[in-house]
Amino acid sequence: MAEVEPGLKVYGSFFKSHILGCPTIVSMDPELNRYILVNEAKGLVPGYPQSMLDILGKCNIAAVNGSAHKYMRGALLSLISPTMIRDQLLPKIDEFMRSHLTNWDNKVIDIQEKTNKVGLRNNTLTKVPMAFLSSLKQIAGIESSSLAQEFMPEFFKLARKIIVSLLRTLIEERRASKQIQHDMLGYLMNEEASRYKLTDDEMIDLIITILYSGYETVSTTSMMAVKYLHDHPKVLEELRKEHMAIREKKKPEDPIDYNDYKAMRFTRADRNLENQNSFLIFGGGTRQCPGKELGVAEISTFLHYFVTKYR
Ligand code: HEM
């Protein structure tokens, strides 16, 4: 948004510019945007600036079209289907959010820092966005391991070569150990469980895409949701009522499960995450965000612990 704001002020909602070194026409006209998104099959070819493809890799979803796009998208959707969210991902998200939101009592908490900040000092990562850590846990069970310490700074420096080599080593180690891990990478590598047979290069690009597409969107939306709740106390009250009702039926240490998540009707509707198709927050057409349900599950879990643990 920072790139387009000056243009918006001077030229209105449709103008020529440059983004990430690429000549670009910026459109903030919802009708035109919807037309472009739903007409991919009619000669409009989606594309991203070369600098993004250099980071995400040539097999990533954004770089491929037609049947290759369908296949990679199918492989991704199989990792984040409602069943996977219910059985595999939600428990990990719950565990992560619960521990991320502890010890905030009697302290001044910088929400922007807790949800969204990246900090690099002397090549060492000092702050990591919440959703990035959460994704690492879901993808490869990585938490505070040494791999996370190596991996994250390279990711934020956008050092693709090093990230690829770290992921390649991880895949080789897992293959050698023959143990099946219950995370996204484990599922992709398990030829019996997954009907998508990806090469190592495709797996690596898919993982980088999930990390890259998931962390900033989820972190920023969580931060904006907290700001919105601060500015709208009545909405906060209603939201808290919904989450307290869910918590009251459980012991404090019980995780939230898929039924609880589905019961968060006000949370999902009020943040308009599910209703914002009209605003294209998740895009549209064949490129509509495949991570929508996962993103909503992460933000809803974050808000659950945020409003039930703190006033
Ligand atoms: C609140 C959270 C999120 C928002 C607002 C959001 C928004 C979007 C939007 C607007 C697009 C369309 C881009 C385009 O038309 O080119 C998109 C695509 C995409 N999103 Fe999300 N996203 C979110 C969460 C996630 C998560 C958690 C993942 C991780 C799996 C993810 C993965 C993707 C991928 C892979 C694409 C490209 C799809 C394709 O080209 O077929 N997103 N997202």
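How do the residues of the shell around the ligand divide into nonpolar, polar and charged? They comprise 13 nonpolar, eight polar and two charged residues; here Ala, Val, Leu, Ile, Met, Phe, Trp, Tyr, Cys and Pro count as nonpolar, Asp, Glu, Lys and Arg as charged, and the others, Gly among them, as polar.

The model is predicted: local features need a pLDDT of at least 70, side-chain atom pairs count only at pLDDT 80 or more, and totals for chains, interfaces and linings use all residues. Residues are numbered from 1 along each chain as its sequence is written.

**Chain and confidence**

The chain holds 15 helices and four strands; helices (H or I, at least four residues) and strands (E, at least two) are DSSP runs, numbered from the N terminus. Of its 311 residues, 27% are buried. A residue is buried if 20 or more other C-beta atoms lie within 10 Å of its own, exposed if 12 or fewer, and partly exposed in between, with C-beta atoms placed from the backbone. Among contacts (C-beta atoms, placed from the backbone, within 7 Å) between residues at least 6 apart in sequence, 68% join residues at least 24 apart.

The average pLDDT (the predictor's confidence in each residue, from 0 to 100) is 83 for the chain, and 84% of the residues score at least 70. Strand S3 (residues 119-121) has the lowest confidence, with a mean of 57, and helix H12 (residues 233-248) the highest, at 94. Where pLDDT is low, the predicted coordinates should not be read in detail.

**Ligand shell and core**

The shell around the ligand has 23 residues, of which Gly-214, Gly-283, Cys-289, Gly-291 and Gly-295 come nearest; a residue is near a molecule if its C-beta atom, placed from the backbone, lies within 6 Å of it. H4, H11 and H15 each supply at least two residues of this shell, and H11 gives the most, with seven residues.

The largest nonpolar core, a set of buried Ala, Val, Leu, Ile, Met, Phe, Trp, Tyr and Cys residues joined through C-beta atoms within 7 Å, has 51 residues. Those touching the most other members are Leu-76, Ile-139, Leu-206, Ile-207, Leu-211, Ala-297 and Leu-303. Elements giving two or more residues to this core include H4 (66-79), H7, H11 (200-231) and H15 (292-309). H11 gives the most to this core, with ten residues.

Helix H7 (residues 130-140) is largely enclosed by the rest of the structure, because nine of its eleven residues are buried. Ile-139 is one of the buried residues of H7. Not counting residues up to four places away in sequence, Ile-139 touches Asp-183, Met-184, Leu-185, Ile-207, Ile-210 and Leu-211.

**Hairpin and backbone**

Strands S1 (residues 14-19) and S2 (residues 22-27) pair in the antiparallel sense over six bridges, pairing being at least two DSSP bridges between two strands. They form a hairpin with two residues between them. Phe-15 lies in S1, and its bridge partner in S2 is Val-26. Phe-15 counts as partly exposed because it has 15 C-beta neighbours inside 10 Å.

Most residues other than glycine have a negative phi. The table lists residues with a positive phi.

| Residue | Place | Phi |
|---|---|---|
| Leu-20 | turn of the S1 and S2 hairpin | about 50 degrees |
| Gly-141 | follows H7 | near 60 degrees |
| Lys-178 | loop between H9 and H10 | about 65 degrees |

Lys-178 counts as exposed, with 6 C-beta neighbours inside 10 Å.

Conventions. Contact = placed C-beta atoms within 7 Å.
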